[in-house]
Amino acid sequence: MNASNRWFIILAMCTLLGTSYATQLVQGNAKPSSSSTTCPVQVTTSFLQSIQTTTYDRANGIFYVGLAAGAADYAISSFARPVGGQQIPQFKARALSTVTNPLSNESIQALTMAEGDGDTCSLVAGFVNGATNVFALNLLNNIGLSDDLLGYDPTLNEDGTSIDSIVNIAANQCFIFAAVTQGIFPNFGQNASDGIAVIAIDREAINAPTTTATFALNQTAAVPGDSGIKAQAFNDNSTQLRIGNPALPNINIEGDTASLFWDDRLQRLYIGVSVKTRTTANAGQGIRSVAVAEVGDCPEKGTLVIRNIAPDGAFDASNQFIVGAVSPAPMTSLSLTCTELAVMHASTGPSYLIVHGGNGTATNQIFALPLVDLCDPTNVLQGALANKNAFNSTTHRFEQPALAPADMTISSDMFARVGNGPLPIQPDHTISGLQVIDDAVYVSFEIPQDDNNETGILYSQAQFDTTGKIVSWTAWSKRAWPICGFPDSPSNGQVAFFAVDAVTGNVIAVDGSPSQTVRITRWDDGVVCQPCADDCSLAAVLNDTFCNGIFSVLDLDQSTTGIGPEIPFRYALFGGTNSVAFALTSSSRAPGMPFDINPNTDTPYPQRVTLNYCCPAYFLLTELPDDAGCVRTLEYSRKEMSSQNYFFAGTQNGLYVFAHQNGDGFTTTELGYLNEGLFTTGSWHKIDTITDAVVTVQSSGNALYVLTFASSSEAPLSSTLYNIAFQNNIATMFAPGNINTIAKSATAPTLDTTLLFTDVEILQTNANSTTEQLALTTNNGLFQTNTIGGSQTATNQTNAAWSLVGQEQLYYGIGSVDNAFAKTTVWPFSADDACGCKTFEASSIHQLNSDLINPTPTYTFVPDFFNYLITACGCCNPADCVYCPTDCCGTEPIVKKLYDKIVYFWSDGGRRFFILSPINAHLAPFCCNNTVGCCPQSQLRYLQVTPFNSCVWNNDAPCGWVLKDCILQQQSLYYWVRPIGMTGIILAGTENGVVALE
């Protein structure tokens, strides 16, 4: 039997063993069943009908679903964000049968929020399958219904033509936008009367025949200068979809629908379609797939002006553009794909159009295109595609439009490739959902996992340069939803709809077909249901193994340098007392090298996730030499095609290295199952030349950096940073002549007044990660290297060339992006004097950015304040349809609210997890309602989640961010919080082991 067949059989055997799942079912109209077994039997689905649409109210934390026909009052249902993790979430029926609510039992086709950023009105809009009108529903279940909508008609001052279908909607706090067609759904764009209807929301109208003050929905005269009630034309005759003079005459909107996205900050509606030519295009003729629209206010309230996303002259026949294509010569066809749109407002300031699709018919690509942001919704350039080369480093926005091909974003631009390349699905497959939160793009897949297609929810995180614009993205190598998050569903991990909550860190997901189940992640301690089944989940095995705490973690996922292409296995390491555990977290489905990327399609190979860690092939506990102590830090050498690979563990008693018995390094290809080969013959070695306490160990494959601390009566505080070149044997590698001191506290040059180093991080200075510089946090400021040729070449403190970044202040540590190949963004956290009494009882998080062009860049804090976004006047709540510029321009001063002492920080770009230590060494706990065995206790450290844009989430009070889950409150110490590869699980290390968000 060959090796590849053997590892597949082992994986299958371990997968079939029993395990438990911690995601929580949200109950709907499906009723619980009774059982006489020890463990209660819950319902296995939320609803008796299929879920057809969802939307999430971020400001109120309400998740809405629309069901297929037959659900009665549950046709529209919602549940609110759980405050703690112990209560059972339940859907509330919202389509109540009343005279004024005809939605009961209907088939709900689409839902969207009709509100502005931070608006707490929670008005949800939608339409019923087969209907030609739209509705809106508020929190009191009052409903507004429009009359039948009208399409476009060219006759001046005459009403539009009747329609047959609505194909999609978007909305803001003032208007609902509906893509309407005369064709049978979905058949958008084939008729001259097809277009975008605008429906005004009148929140003060009386909804006859009741006397309830609610609202009315009235279609507007959407064409400027035309008093007729009609839609604005948008179809295959629209000039916004055509390029050239004369423009291409015959085009066809494919897919028969339109993607609509309203952006509140830019005050623009984006319209996307998949389009192709129907006849031969002459040279210079072409097509566009996206348009941008401005909605009018008084005196022409509700008019819609649709403009070109970029002018004709911005496109040429090179066909590298994402939303435009031009014929180089007579040819048979041009094709553009656009099936989903969103807008990202990055934490650093700039705005980007997120496009699912591109030039051609492939649907496994997502791109980020910079947008013009002038903070002026009346400017005709607002929201157009921006000149990628003209970034305003003062305002941190793109402010000039793309006018020529050289200005345009192209598909090979590194900053445009969300996920650092195609999605891990085949080009003819597609996604089921897309969400953008701050600096992250999340996507879901409803297709089954196989050897060429991934499933579930994945995410990619933006990284920035010194000016604040995106420079690159992390790879599609992290899952945000547990692979077995639907234990009772036949969907096998497929996700039809989802929402990510930046207030709690939870993910809500709807299973793939039959799409009747809604589940939400929750915190657990690895024991879900005992004694019905043995639990061999990762959390359970870790807690059985490390009852005295897990102090460090190292996740080696699909994108890890020196692992991904050469072997099928992905690992995570966990540090306890005198011990390190290895977990084999997943295996590539690739048939052979390369194991990370399919060379035929450039797509990442899907991962078989380990489900049962009781199998010896998937979990291994190794012991360090006697009296090693607590493992505070873990690292891997990350060397490709080299015999210089090692695992490293740092403790208060020194450095330990996992290698062959004779001290030789190993090749990546020696890494396999944990019960064979290197893992059974290798061992941990004590390094005698590094005896001080190890604070951290860092490597990107270029050099090994070891930060140590020592204390004596002569020198109470003494920190040293070493640069160590990789060698084939640890005796050679850690020989005194190979260990270079590149920073020593209280030593010139530059660091002579600095007494303590707290942490260090690597930042790459070129796209292939072969050169790098260091960021060092200290008691006296944040320092960077400016080493000629990169810090990996530094041999002493002088040629390391340290310089101060920002102010001289205490920094506790520094966080980093999980899986960035070329890392440019890190997060230092500092002490702050909140009261001006020099007690420094508070703390702040910062975002530090490098770049990939300058070999010795000047690192910059962008934005200036990264704690969270809120202005002095509070969150913008434009109840009267007033555009609030404070969200965009920052014209109001920022209120610098601070945190308790930050001990640890991790973010996926959208969710931001903190470990905090209260200044009084305890936290007044939140009581757990009617929870047996949950004893409130003081916490020396606690977990908190803070959304960056607090205005969007209506959450600006730090006390409101503390995670109130009883399982979390029972832990008094937290050491780290981190996602684990493609498992979809976030673990937090505690004094008792781990807790898991899964």
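**Salt bridges in a predicted model**

Reader: Hi! Which side chains meet in a salt bridge at 2.5 Å, N to O?
Author: Those of Glu454 and Arg479 do. Bear in mind that this is a predicted model.

Reader: Thanks! Where do Glu454 and Arg479 lie?
Author: Glu454 is in the loop between strand S28 (440–445) and strand S29 (456–464), while Arg479 is in the loop between strand S30 (470–473) and strand S31 (495–500), so the salt bridge ties together parts that are 25 residues apart in sequence.

Reader: And is Glu454 buried or exposed?
Author: Buried, because its relative accessible area is 1%, under the 20% cut-off. Arg479 has 3% relative accessibility, so Arg479 counts as buried too.

Reader: Zooming out, how many salt bridges does the structure hold?
Author: The total is 19.

Reader: OK, on to Arg268. What is its salt-bridge partner?
Author: Glu294, with the closest N and O atoms 3.7 Å apart. Arg268 belongs to strand S17 (residues 268–277) and Glu294 to strand S19 (residues 290–295), so this pair links parts that are 26 residues apart in sequence.

Reader: Are Arg268 and Glu294 buried or exposed?
Author: Arg268 is buried, and Glu294 is as well.

Reader: Switching again: what do the side chains of Asp908 and Arg911 form?
Author: They meet in a salt bridge, at 2.9 Å from N to O. Both Asp908 and Arg911 are buried.

Reader: Last one: which residues do salt bridges with shared partners join into one network?
Author: Arg268, Glu294 and Arg307 are joined that way.

Terms used: Residues are numbered from 1 along each chain as its sequence is written. This is a predicted model: local features need pLDDT of at least 70, side-chain atom pairs count only at pLDDT 80 or more; totals for chains, interfaces and linings use all residues. Side-chain values use heavy atoms; hydrogens and water are left out. A salt bridge is a side-chain nitrogen of Lys or Arg within 4 Å of a carboxyl oxygen of Asp or Glu. Helices (H or I, at least four residues) and strands (E, at least two) are DSSP runs, numbered from the N terminus. Buried means under 20% relative accessible area, exposed over 50%, partly exposed in between (1.4 Å probe, protein chains only).
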